[in-house]
Amino acid sequence: MKKATKHQLSLMMFLEFFIWGGWFVTMGTFLGSNLSASGAETGMAYSTQSWGAIIAPFIIGLIADRYFNAEKILGVLHLFGAVLMYMMSQAIDFAGFYPYVLGYMIAYMPTLALVNSVSFNQMDDPAKQFPLVRVWGTIGWILAGLAISFLFKWDSEANIAKGMLSNTFIMVAIASAILGVFSFFLPKTPPTANRSKKASISDILGLDALRLLKDRNFLMFFLSSFLICIPLAFYYQNISLFLTEYKVENSTAWASLGQISEVAFMLLLPFFFKKYDFKKTVLFGMLAWAIRYVLFAYGNGGDLFFMLVTGIALHGICYDFFFVSGQIYTDSKAGEKVKSAAQGLITLATYGIGMLVGFWVAGKIADSNVVSEGTHGWESIWIFPALFAAGVLVLFALLFKNEKIEYKS
């Protein structure tokens, strides 16, 4: 891969995740503070990610893989997304906001697969080259949070009261427009599927991989992946509003600590995976979920603030040790013929259905723990996902039989 191409792909990844990190974290606070949205409504807004994940395979399988270059579809979707993101910034109530965020996530979620397709098409050694490109996406997410807190200070208590969090959507709209135009200058990535062959729903959704569920171990992993996404949704939906209510200054920057730890623990994963095997690695990740929510439940923005910081920093273990390990496990179990289908099936179960259920539950739990206007009983809210994650841990520990899985970087 040429050096210039590497720089192009790195900038593409940077913008792709700068866009996501620039609004998704703070949306909960924006909805509660600016639009007076309930917990259930906030859950609906966050669940658009899941609807996007469910619909994305159809866009990729029916359009991108068959008729148009991936980089061109990427450009169109981001230009369309820029318009929707700007409209989100102009919303004055939840009813006016929701259609735009739903449309935006249906447009955005397919781009996650498209940037990977554009990248892999240019690489002669993806295992070695892709991480060096993908890491710029994480850097983009982190810098979006730092810009909101330190450069613009939109998440300060005073500026939230002034409604300035709506500026995050304008910032992201600009970034999305830039990536939309830039995408048309990316290396050409032509469609790979045979147009003459009719695409079936089974092919698009990866349902050929369902036969893997006959394996008891894979079935237990599949169910655990679905269930662990319920407590995961609590984190994405509540972390910004939680920190804001506890009057944590630079809350968006503190939240980005989770992405920083994700990079750090990614480097530790190969060592841990080889030394302690797949099952122990996954159990350790699940344990981290339970511990982080207990820390959130009993910490505060004052003398116990270190508990909140520790909980956020555990994100790397929570995500890498479960989800990345799970991707490796799925890859090893599927075999060459249904490898992509199996990964698609797990994505559908987790970011699709699992998170959809999780955001709904998180919204209901939040609404049942409203203490007064603008104040929640966070101890009760966080204890629920802590106990739920602990339950999934026990289920997996008892029913998943250990097996040797080779780590392939």
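Over the ring of which tyrosine, 3.9 Å from its centre, does the charged end of arginine 292 sit? The points below take up this question and the surroundings of the residues concerned, in what is a predicted model.

1. The ring in question belongs to tyrosine 235: the charged end of arginine 292 sits over this ring, at 3.9 Å from the ring centre. Arginine 292 is also placed over a second ring, that of tyrosine 293, with its charged end 6.0 Å from the centre.

2. Tyrosine 235 is also one of the residues that line the largest cavity. This cavity holds about 90 Å³ of space, and the structure has two cavities of 30 Å³ or more. Its lining is formed by Phe24, Val25, Trp141, Tyr235, Tyr236, Ile239, Ala255, Ser256, Gln259 and His315. Helix α11 (residues 216-245) supplies the largest share of that lining, with three residues.

3. In character, the lining of the largest cavity comprises seven nonpolar residues, three polar residues and no charged ones. Serine 256 is among the lining residues and lies in the loop between α12 (251-255) and α13 (257-298). Serine 256 has a relative accessibility of 2%, and therefore counts as buried. Leaving aside residues up to four places away in sequence, serine 256 touches Ile142 and Leu146.

4. The second largest cavity contains about 70 Å³ of space. Around it are Asp155, Ser156, Glu157, Ile160, Thr244, Lys247, Val248, Glu249 and Asn250. Here the lining divides into four charged, three polar and two nonpolar residues, whereas the lining of the largest cavity has no charged residue.

5. Aromatic pairs number 50 in the model. One of them joins phenylalanine 242 and tryptophan 382, with ring centres 5.2 Å apart; the pair is classed as edge-to-face because the ring planes stand at 80 degrees, over the 60 degrees that this class requires. The two partners come from distant parts of the chain, 140 residues apart: phenylalanine 242 belongs to helix α11 and tryptophan 382 to helix α17 (residues 378-399).

6. Are the two partners of this pair buried or exposed? Phenylalanine 242 has a relative accessible area of 0% and is therefore buried. Tryptophan 382 likewise counts as buried, because its relative accessibility is 0%. The cut-off for this class is under 20% relative accessible area.

7. Helix α11 thus recurs in this note: it gives three residues to the lining of the largest cavity, and it carries phenylalanine 242 of the pair with tryptophan 382.

Note on methods
Residues are numbered from 1 along each chain as its sequence is written. This is a predicted model: local features need pLDDT of at least 70, side-chain atom pairs count only at pLDDT 80 or more; totals for chains, interfaces and linings use all residues. Side-chain values use heavy atoms; hydrogens and water are left out. On a 1 Å grid over the protein atoms alone, a cavity is a set of points where a 1.4 Å probe fits but cannot get out, and a pocket is an open set with protein on both sides within 12 Å along at least five of seven lines; lining residues have an atom within 4 Å of a point. Grid points are joined across faces, edges and corners, and a volume is the space filled by probe spheres set on the points. Helices (H or I, at least four residues) and strands (E, at least two) are DSSP runs, numbered from the N terminus. Ala, Val, Leu, Ile, Met, Phe, Trp, Tyr, Cys and Pro count as nonpolar, Asp, Glu, Lys and Arg as charged, and the others, Gly among them, as polar. Rings of Phe, Tyr and Trp (its six-membered ring) pair if their centres lie within 6.5 Å; planes under 30 degrees apart count as stacked, over 60 as edge-to-face and the rest as tilted. Buried means under 20% relative accessible area, exposed over 50%, partly exposed in between (1.4 Å probe, protein chains only). A charge sits over a ring if NZ of Lys or CZ of Arg is within 6 Å of the ring centre and within 35 degrees of the ring normal. Contact means heavy atoms within 4.5 Å.
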